[in-house]
Structures are given as C-alpha cells and as structure tokens.
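Dear colleague,

I am handing over the structure that we spoke about, and my notes on it follow below. Please read them with the model open beside you.

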Amino acid sequence: MAAPVAPMTERAVRNVVFVDGVRTPFGKAGPKGIYAETRADDLVVKVIRELLRRHPELPPERVDEVAIAATTQIGDQGLTIGRTAALLAGLPKSVPGYAIDRMCAGAMTAVTTAASGIAFGAYDVVIAGGVEHMGRHPMGEGVDPNPRFLADRLVDTSALVMGQTAENLHDRFPGITKERADAFAAASQAKYDAAVKAGKIGPEFVSVATRSADKGWGLATADEPPRPGTTVEDLAGLKTPFRPHGRVTAGNAAGLNDGATGCLLADEATAVELGLPIGMRLVGYSFAGVEPEVMGVGPVPATEKALARTGLRISDIGLFEVNEAFAVQVLAFLDHFGIADDDPRVNQWGGAIATGHPLASSGVRLMTQLAHQFAERPDVRYGITTMCIGIGMGGTVIWENPHYERSEGSNQHSEGDK
Amino acid sequence: MTTTLEQAKAAFPDEVVTKAVTRLVPVPGLAKPIALITIDNGFDHTRPSTFGPQSLVSLNAAFDEALAAEPAAIAVTGKPFVFAVGADLSGVEQVSAPEIAREIAQTGHDVFRRFTESSIPTFAFVNGAVMGGGLELALSCHYRTLVSNAAAIAFPEVFLGLFPGWGGTQLLPNLIGADAAVTVIIENALNQNKMLKPAQAAELGIVDVVFDSADYLEQSLAWLAKVVNGEITVSRPEVDRGEAWDAALARGRAFVEAKTHGASPGATKALELLELARKNDLDAGYAAETDGLAELLMTDELRAGLYSFNLVQKRARKPAGAPDKSLARPVTKVGIVGAGLMASQLALLFVRQLKVPVVLTDVDQARVDKGVGYVHGEIDKLQGRKRLSPDAANRLKALVSGSLDKAAFADADFVIEAVFEELSVKQQVFAEVEEHVSAECVLATNTSSLSITEMASKLSHPERVVGFHFFNPVAVLPLLEIVRGEQTDDATLATAFSVGKQLKKSSVLVKDAPAFVVNRLLTRFLGEVIRAVDEGTPFEVADKALDPLGLPMSPLILLQLVGPAVALHVAETMHHAFPDRFGVSENMKRFVAAGKTAVYTWDATGKPQVDPEVAALWQPGTSPLTAAELRDRAEGALAEEIRLMLDEGVVAEAQDIDLCLILGAGWPFWLGGITPYLDRAGVSERVTGKRFLAQGVASVPA
C-alpha cells in the first residue's frame with residue numbers, strides 16, 4: 001500500500017472582489033407586466049451578455065462558473081439555468097454553470113457560494129446572479145410541503161405565506177406600527193424617485209426587448225413597479241390582505257415582480273491581471289436561521305453573526321443596503337441596531353418597496369447599488385447587504401470599499417482597534 | 001395609398017393578415033422615443049408573415065401612426081424568427097381581374113416607398129426569415145440590421161416565374177451594385193432558389209450590420225441610437241453604373257438564357273428592370289415594375305410557377321393516396337442486396353438519415369468490401385468537409401457492414417434490392433431474402449421499369465413487396481416513386497412512405513405500370529427525339545427543338561447522363577409493353593453496341609460537336625423534321641402519354657405527374673412541371689380533347 005499523500009501544508013485564502021453588476025429593469029408580474037411574454041432565461045441571457053459587453057477585457061473563456069439562482073426552478077427557470085443561460089448567452093461551451101436556490105437570497109447565495117470557490121482557489125472569475133419571473137412562476141408554484149411541518153408543529157401555517165410572517169413580525173415588535181411602516185414605504189418611493197432623477201438608478205440596467213403579441217415589440221429601459229409621489233395618506237387607505245385590520249399592505253411591501261441580475265466576481269489578483277475594475281472587496285458573510293413564522297427578522301442574527309466573524313462592529317458600517325421585502329422587516333433590523341428609520345446610510349436610493357423584488361434576483365441588485373455608492377463615498381470603508389429569506393432565514397454580506405481613503409477625524413473603526 | 005380596407009378585403013377575403021402595430025419605444029441615448037412597427041400575422045414561425053392587400057393597408061396605417069408621433073426614427077421588425085417572407089401567393093392565385101393585379105403591384109410600391117422617402121430615418125430590423133416582399137420592405141428603409149440566425153434571405157421571385165416587383169429590381173442593384181444584384185435576383189433564384197446566409201448578405205452589402213440573436217433587437221436599437229445621434233456613419237460603396245453594370249447584365253442574360261432559353265417571362269423581365277435601374281430613377285423604375293407585375297400576374301406562366309410552389313410545398317408533404325401513417329412499422333435495420341454503386345449510394349442515404357444498421361450483401365467479398373468501402377469513404381469526405389462531426393462519422397461507419405450471407409438480414413425490417421434489372425434475377429433475390437427475414441419485413445425494389453406484382457408473385461408474402469424508385473443522383477434528386485403492387489398491403493405501403501419521409505424524399509404513390517411516371521414520360525419524349533433523328537433530322541436541330549420547354553438539359557445530354565444502354569433497355573421494356581407508342585431505334589442499338597456513351601464530343605473550348613463516329617454509325621432517313629415539327633410531335637406525345645397514364649390510374653391526378661417531373665427530372669418550376677404548359681399551349685385539347693387542369697388551376701381563373 002502506497003504511503004498516504006502528504007496534505008497540502010498551507011492553503012492561502014484569496015481576496016474576492018465584486019467587479020461589476022447589472023440588472024434588467026424590474027417588471028410587474030402578471031399579464032400586463034412588461035415581461036409578460038418574455039422568458040426568464042432570456043432575462044438572464046441579456047444580463048450575462050451585458051456583463052461581457054461592459055468588460056471586453058475579460059476573455060469569455062476565463063469565466064470559470066456561472067451560478068444563477070431561481071426560486072422556482074421549473075420551465076424557463078429550470079434545466080440548470082446557470083448552464084443553459086451560459087450556453088444561450090454565447091459563452092464558450094467549456095464554461096460550466098449551475099442553478100442555486102435560497103428563495104429571496106438566491107442571488108446573494110450565488111455570490112457567496114461562488115465567492116467562496118474563488119477564495120478557495122477553485123475559480124478565478126465567476127458570473128453570479130439570479131432571476132425570478134413571478135408572472136410565469138408565481139410564488140409557491142408546484143410546492144408540496146411535507147405534512148409533518150404541521151403535524152409535528154415544526155412551523156405555523158402562516159410560515160409559508162410571506163405576508164403573514166410580516167404580520168407576525170408586527171406582533172412581535174408592537175413598536176413597529178403600520179404608520180411607521182407606511183412612512184418608511186413612502187420614503188422608499190421618494191428616495192428611489194430622487195435617485196432616478198439624479199441618474200443613480202439606470203446605469204446598471206441592460207435594456208430588454210419585450211414582446212407583446214398585441215402591442216408589438218417594446219424595450220424595457222426603466223423599472224415598472226415604482227409609484228413616485230406615493231404619500232403616507234395614499235398608503236393609509238390600502239387593504240391589508242393578510243389579516244383583517246392588519247398592517248401589511250401592497251404599499252408597504254415589495255410587489256410581485258419579474259427581473260434578473262448578475263455580477264462578475266473575481267480573485268483580486270486575477271482582476272488586476274485582466275484589468276477588471278474592483279467595485280467592492282468581500283469581507284465576510286453569514287446566513288442565519290430564525291423561526292419561519294417571523295422570517296423577516298432574519299437579517300438581525302445574520303448580521304450579528306457576520307459582524308462577529310469579521311470582527312467588525314455595527315458602527316463600522318457606513319452604508320446599508322437592506323432588502324425591503326416588507327417595511328416592518330427593515331424597521332425590525334434598524335430598531336435592533338439602534339438606527340433611525342430615516343438614517344441616510346440606509347437604502348439611500350430607495351429599496352424593493354419601490355423598485356420591486358423579483359425574489360432570487362434581488363441580492364445582486366443590493367450589491368450593485370452598494371458598489372456604486374462606494375464609488376461615490378471614499379469616506380466609507382464598509383457596507384453591508386442584507387436580506388430576509390423565506391422559511392425563516394437571513395443573509396448578510398459585508399463589503400469593503402476599495403475607494404476608501406482614510407482621513408483625519410474619520411470615525412471608522414480601524415483594523416488596529418480590534 | 002388609394003386602397004381602402006374594404007377594397008383590400010374584397011380583393012382577397014381569405015388573406016391571413018399580417019398586422020402592423022406601432023409602439024413608441026424609449027431608446028437610451030435618444031431624447032425622443034422611436035416608433036417601432038412590429039409586423040406579425042399572429043401565427044408562430046411555421047406560418048411566416050406575408051403581405052396581402054389588407055396587410056399592406058395595416059402597414060400603411062402603422063406608418064401613419066408612426067409619423068404622427070414625430071419619433072426620432074421609425075423602425076420595422078417582425079415576430080420571433082420571421083421578418084416577412086413576401087407577398088401572399090395564395091392571394092395572387094385568386095386574382096382574376098387585371099385591375100386587381102395592378103392594384104396589388106401599385107399598393108406594395110406606395111406603402112413601401114413611404115419608408116424610403118420618409119424625412120424621419122427608417123430602419124429595418126431584419127430579425128429572421130426575409131424573402132421577396134419582406135426583403136423589399138427592408139430595402140425600402142434607410143438602414144438595415146440583420147440577425148445572425150436568419151433562416152432564409154432571398155428573392156425567390158424569379159424561381160417562381162415572377163420578379164421582385166415591389167422595388168426589389170430597383171433598390172437592390174443601386175444598393176449593392178448590379179453584379180451582386182444579378183447573383184441574388186437571377187442566379188440564386190434560378191439555382192433551385194438558393195438562399196443567402198446572414199454573413200453573405202452582410203458581405204454583399206444588403207444589410208449594414210449583423211447582430212447576434214441573443215440580444216438582437218436590443219443591439220439593433222442601440223445601433224439605431226448611434227446612427228441617429230451621428231456617432232455611427234454608415235458608409236456604402238459607390239455603385240459602378242458603367243461597364244460593371246453592362247458586364248453584370250451580360251452575365252445575367254447569359255445565365256437566364258442557359259437556364260430558361262427565354263421560356264420564363266419573369267426572368268426576362270427581371271433583366272429588363274435591372275437594366276432600367278441603372279438610372280436610379282425610382283419613379284420610372286417603380287412604374288415599370290408595376291406595369292410589369294400587373295401584366296405578369298395575369299399570365300398563365302406565372303400561375304404555373306405558383307402551382308409548382310404549392311405542389312412542392314403542400315402536395316409533396318401529403319402524398320395523395322398514401323395510407324394512414326399509424327400503419328407504418330418501425331425500421332430499425334436495413335438490408336441492401338447488392339453492393340454496386342447504386343446500392344452503395346442507397347446505403348449511404350439510409351445510414352445518414354435513418355441512423356440504423358445497414359447491411360450490404362453481394363456475391364463475392366471483393367464487391368462487398370468495395371461497397372462498404374465506398375460508404376465509409378463518403379462518410380470520411382463528409383467529415384472532412386465538416387458536415388459530420390468525428391463522433392457522428394464514427395457512429396455512421398460503425399452502422400454499415402457487409403456480408404456474403406443473407407442471414408445477416410434476419411433482424412432487418414426493410415430490405416431493398418438494387419441488383420441487375422432482370423425480373424428473374426430479382427425474383428430469385430427476394431426468394432432468398434425471404435428465407436431469412438420475418439414475415440413483416442418490407443421487401444423493396446429500386447427497379448425503374450419492372451413489374452412489382454410479378455416480382456412479388458412467387459413469394460410466400462407478396463404483400464410485403466413495394467417499389468421504391470429513386471432518381472440519380474440519389475443524394476440530390478428529391479423524388480421517390482413508391483409503387484404499389486397488386487398485393488402490396490397498407491402496412492407495407494405506409495412503412496415505405498414513412499421511410500421515404502425519413503430519407504427526406506418527396507414520395508409519390510404510383511401504380512405498378514411500366515416505368516412508372518418519370519421514366520415513362522422521359523422515354524416517350526426521348527423516343528420522339530431519336531425517331532426524328534432516325535428520320536433524318538440533324539442531331540443539333542433535334543436537340544434544340546425542345547428548348548422552349550426550358551428543360552434542365554437537352555434530350556441528347558439527358559441521354560448521356562442516363563446512359564444509352566440503360567435508356568435503350570428501358571425503351572425496349574416500354575416497347576414490349578406499348579409497342580404502338582414506344583419504338584426501339586436500330587440506330588440506338590448500333591450506338592450502344594459500339595460502346596458509345598455520348599452523341600457529342602467537346603473541343604478544347606468546350607464547344608460540342610457531333611462525334612464523327614456516332615455520325616458514321618447512325619443511318620438517318622431522308623425526311624427531316626423542322627424544330628417546330630418535332631416540338632409539336634414531342635409535345636403531342638407527352639400529352640397523349642399523360643392522358644393515358646391518368647386514365648390508367650398510374651397516379652391520382654395530373655398534379656402528381658407534374659410533381660414527379662419537377663422533383664425527379666428537374667423540369668422547371670416556372671413551367672409548372674408539364675401539364676400547365678401543355679394546357680396553355682393548347683396541346684392537351686388538340687391531342688386529347690381536353691385540358692389536364694381546370695381553368696384557374698395553374699392558370700388565370702376565367
């Protein structure tokens with residue numbers, strides 16, 4: 001018998017950078033939405049091609065993996081969409097791909113999983129992203145929950161209905177009132193509208209040709225869901241579909257949407273070698289589970305865990321991109337960390353309540369926006385992207401700003417302070 | 001435009017309308033939206049969008065709407081995979097009044113020209129198949145993008161006996177030069193309607209730019225924005241209107257002459273219009289196109305071309321008299337008796353299309369090895385030309401084997417023989433095969449003239465025998481005559497049709513009659529030519545007498561291709577069956593006995609002259625015919641023979657005769673095969689007392 005091979009004595013973890021991200025404009029799900037007659041896989045194809053078009057310095061054969069998330073992996077979101085979209089986008093056949101799912105945090109998980117592969121040395125460059133066409137694939141399509149969930153009282157019947165979990169969260173935190181939620185939602189619409197007008201939203205878009213058998217071809221160049229000018233008064237009168245006299249409405253929650261996102265991640269040395277820009281540097285990430293009935297609280301333990309693992313404090317974080325599945329869930333996060341509802345570091349360009357939340361795609365939208373904000377804010381060193389996840393989870397990714405310039409009097413927590 | 005929707009509906013009530021809808025679309029980089037017109041007939045890509053009168057009214061209205069919006073640009077594109085494939089031909093067939101023909105011609109010009117004369121820039125986003133009128137719409141726009149996966153790009157008009165009459169003859173040469181225009185409009189059309197590939201279309205300058213299919217429309221719109229903004233300037237080469245134009249037209253004329261001998265008015269008119277286009281005067285050019293189209297649409301010649309189109313597109317896909325498909329048995333292994341050239345070609349065809357084991361048998365190992373070697377060699381050649389991948393070539397080669405023992409056929413479902421054309425030999429071969437195969441195994445024969453019924457008569461299972469007659473070259477000619485013997489059962493016949501379809505052939509059901517369809521008619525026809533020569537008509541006169549039919553090759557060249565020995569053998573068979581109408585020429589016997597294979601020899605310049613040895617052995621009579629006399633006689637003979645064949649029930653209808661001649665003998669599409677010509681020329685009535693086709697079928701309705 002041969003002698004066992006000696007283990008590699010050392011493995012260097014490599015730095016992972018977020019190069020660039022793009023997304024399709026988001027649409028409203030349903031027969032009247034802009035993508036009603038557009039396939040989900042085609043949305044991903046447009047995203048992949050846009051990334052390659054924006055980065056001619058990247059030889060396509062250098063892409064080592066294409067990780068694409070979708071919550072409902074059937075039909076045009078099935079068939080191992082990372083692989084099929086790569087082929088359809090014209091990437092060399094030598095480039096592999098896979099599909100991944102963690103509900104709302106699908107794209108976020110595509111990023112963290114693929115990034116971990118880069119850190120480990122398995123990949124140099126990856127494409128990670130997500131898609132959800134909730135018009136073609138309504139939430140819960142084809143699910144078959146195990147009867148033991150209820151028989152064994154593992155979860156409450158409300159756990160699978162996201163709006164009900166948001167109502168549950170209001171129960172848990174009575175201080176978060178419908179009025180606070182509506183005010184946060186109206187502010188999200190206003191911040192988004194201002195960001196569009198300031199040209200902050202739009203540069204990350206890839207236009208998508210949209211077919212309509214009746215109206216002919218069109219071109220999606222802007223998000224469809226936002227309702228600029230929404231006031232708290234408008235929101236106050238909306239129905240509460242999840243409970244009579246409840247608090248969660250279509251106005252203080254993200255809608256049902258269609259869209260796709262994608263980003264390029266790279267080993268930092270490879271990015272330098274190829275001349276790829278560095279948008280953000282990955283610091284760390286965590287996912288955490290919570291009771292499925294209050295899935296919206298997930299970002300709290302996820303963020304605590306990520307901070308603990310990276311040795312950072314919440315005060316080190318200069319920018320927050322928190323997914324707005326529900327206003328209540330963002331407010332629960334802010335309350336936990338003692339951040340004001342209108343703190344300017346949080347969702348400064350608005351959030352999913354305005355722009356929409358095509359489930360598995362949203363994580364990369366948060367990251368792309370954070371990267372763009374980093375470029376404008378050399379005074380900020382760290383930012384986080386965080387989101388709540390169905391079936392009771394949260395995910396948080398901490399990023400470092402490569403444009404950060406240490407200045408006198410900076411209150412940023414420095415390495416030496418650990 | 002003068003046509004109203006009501007008039008358009010009246011002109012062609014059954015039109016599948018291609019609706020044009022205008023949508024204002026924001027495009028990044030442009031301050032104003034563009035007007036994007038989508039043309040879509042509401043069906044999927046298997047029924048491409050076409051333009052009939054109502055479609056043109058719709059496009060015109062869409063253009064009005066676009067203009068009214070004062071957009072940054074006007075663009076037109078199609079439904080997925082299809083831009084537009086031209087005029088609705090079924091509408092043209094219904095036109096019986098000259099004023100409607102003129103209206104169709106004029107309306108196309110009126111609507112398309114608005115895109116040309118628009119002060120707002122116009123773009124065609126050619127997102128898929130584009131032919132004829134679709135291509136003319138694209139050419140009418142100021143700029144064109146093309147999708148990388150466009151399935152078909154062509155002007156098929158001349159192929160159909162028409163010419164591109166909605167601006168094509170004027171716009172194309174002024175865009176890409178007369179030489180390239182001759183290639184597209186004349187040469188490709190007359191070469192079996194050859195299509196351009198997207199890269200070729202770009203190379204010729206028909207489109208300005210090609211974009212990948214994955215995000216074609218998005219990139220086209222981005223390109224449009226850059227053109228409108230002046231970031232991109234589209235430069236096109238200067239067109240040479242002098243000598244190059246002369247040379248191109250001369251080339252076109254020579255090509256048309258060689259292919260049609262002046263027998264296709266559409267091709268001739270196309271040349272005339274291309275000459276006129278030199279002046280680049282759209283008023284004069286379009287007026288001439290309209291006049292020409294109005295005239296041509298009302299000719300029987302054009303209707304014959306459309307008739308052919310329908311035969312090939314529709315009738316060939318649903319063979320008349322074929323039994324229910326569900327009766328067909330699967331074919332998982334094929335046996336071929338014989339390993340000669342014909343057998344080897346069949347083996348190659350079967351293995352490539354069916355991808356099942358194919359076993360060749362012959363009487364000695366050397367022949368078997370040669371046959372298998374031929375197939376393997378051809379597969380290697382296909383691999384060399386990148387028509388087959390290495391894996392596919394390995395797969396096919398492994399499927400082809402040879403054997404001396406017909407026991408190798410034991411598990412075959414379909415055995416075809418291609419042995420010597422002698423009834424007793426074939427009977428014996430089938431008897432031997434029957435000892436090994438199952439009771440259901442189909443026994444097919446590639447005989448060109450022998451009786452299927454007699455061939456089957458001595459078998460235990462005569463119901464499994466079927467005629468399966470290919471045409472040379474097997475890989476090229478699409479026709480398959482499937483012959484039903486007296487005892488052939490439906491399952492056998494259905495299997496034969498199923499195999500024919502899998503082989504990508506167009507099958508026609510034929511009764512078991514001597515020489516079936518194509519060979520019977522060609523033999524009768526050739527017999528008349530030979531008889532005229534025997535009577536003293538000079539070879540050259542006899543050979544050119546039939547030029548007005550526009551046949552793919554003259555009779556004596558056909559004789560050379562078929563092989564005089566084979567032709568003589570068939571003539572003898574036919575003489576035996578029908579001694580009154582099919583003669584056997586003593587001169588031909590001498591010609592064959594002398595081992596001659598051709599009447600002509602060619603000098604160094606390629607000019608043919610009658611081989612002096614042939615002239616010497618031929619003993620002509622003293623009553624030569626003029627070309628006109630011979631043509632009358634040959635046409636009369638064809639009409640007589642076709643009438644008899646229809647009366648005997650050799651095929652279901654005259655349409656099947658024409659289909660056979662178009663697909664099996666390469667007779668011109670624009671002639672309608674043969675029966676429309678014979679009807680039109682009055683031959684059918686003169687010889688048989690009636691037409692083959694009712695007025696309105698392959699002719700202008702009364």
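Which residues does Arg247(A) touch, not counting residues up to four places away in sequence? They are Glu167(A), His170(A), Lys178(A), Ala181(A) and Thr240(A), where two residues are in contact if their C-beta atoms, placed from the backbone, lie within 7 Å.

Before going further, please note that this is a predicted model, in which local features need pLDDT of at least 70 and side-chain atom pairs count only at pLDDT 80 or more, while totals for chains, interfaces and linings use all residues. Residues are numbered from 1 along each chain as its sequence is written, and chains are lettered from A and ligands numbered from 1 in the order in which they are written.

To stay with Arg247(A) for a moment, this residue sits in the loop between helix 7 (232-236) and strand 8 (257-267) of chain A; helices (H or I, at least four residues) and strands (E, at least two) are DSSP runs, numbered from the N terminus. Arg247(A) is buried, since 23 other C-beta atoms lie within 10 Å, the term being used when 20 or more other C-beta atoms lie within 10 Å of a residue's own, with exposed meaning 12 or fewer, partly exposed in between, and C-beta atoms placed from the backbone. Between the C-alpha atoms of Arg247(A) and Gly90(A), which are 157 residues apart along the chain, the separation is 47 Å.

Chain A as a whole

Chain A contains 12 helices and 12 strands, and its C-alpha atoms fill a box of roughly 70 × 60 × 55 Å along the principal axes. The radius of gyration of chain A is 21 Å, which agrees with the value near 22 Å for a compact globule of 418 residues; this radius is taken over C-alpha atoms, and the globule rule is 2.2 Å times the number of residues to the power 0.38. Of the 418 residues in chain A, 56% are buried, and among contacts between residues at least 6 apart in sequence, 81% join residues at least 24 apart.

UniProt, in an unreviewed entry, places "domain: Thiolase N-terminal" at residues 16-268 of chain A and "domain: Thiolase C-terminal" at residues 281-400 of chain A; its positions are given in the numbering used here, feature names are shortened, and annotations may be inferred rather than shown by experiment. Residues 16-268 of chain A are 31% helix and 18% strand, with the end C-alpha atoms 6 Å apart, and residues 281-400 of chain A are 35% helix and 26% strand, with the end C-alpha atoms 5 Å apart.

Where the chains meet

The contact between the chains takes 17 residues from chain A and 17 residues from chain B. On the side of chain A that touches chain B, the elements giving two or more residues are helix 1 (40-54), strand 6 (208-210) and strand 7 (218-220) of chain A, and helix 1 of chain A gives the most, with three residues.

Sheets and a helix in chain B

For residues 333-512 of chain B, UniProt lists "domain: 3-hydroxyacyl-CoA dehydrogenase NAD binding" (unreviewed entry); the span is 41% helix and 21% strand, and its end C-alpha atoms lie 26 Å apart.

An open sheet of eight strands in chain B follows the order 12-11-10-13-14-15-16-17, with mixed pairing, where two strands pair if DSSP finds at least two bridges between them. Strand 12 (400-403) and strand 17 (506-511) of chain B stand at the edges with a single partner strand each, so one side of each is left without a neighbour in the sheet. Strand 10 (residues 334-337) and strand 13 (residues 414-417) of chain B run parallel and are joined by four bridges, with Gly335(B) opposite Val415(B) in strand 13 of chain B.

A second open sheet in chain B has three strands in the order 4-6-8, with parallel pairing, and its edge strands are strand 4 (81-84) and strand 8 (153-154) of chain B, each pairing on one side only.

Finally, helix 28 (residues 654-664) of chain B is mostly covered, with 11 of its 11 residues buried. What covers these buried residues includes helix 14 (300-313), strand 16 (479-484) and helix 21 (518-534) of chain B, and just after helix 28 of chain B, Gly666(B) takes a positive phi of about 70°.

With best regards
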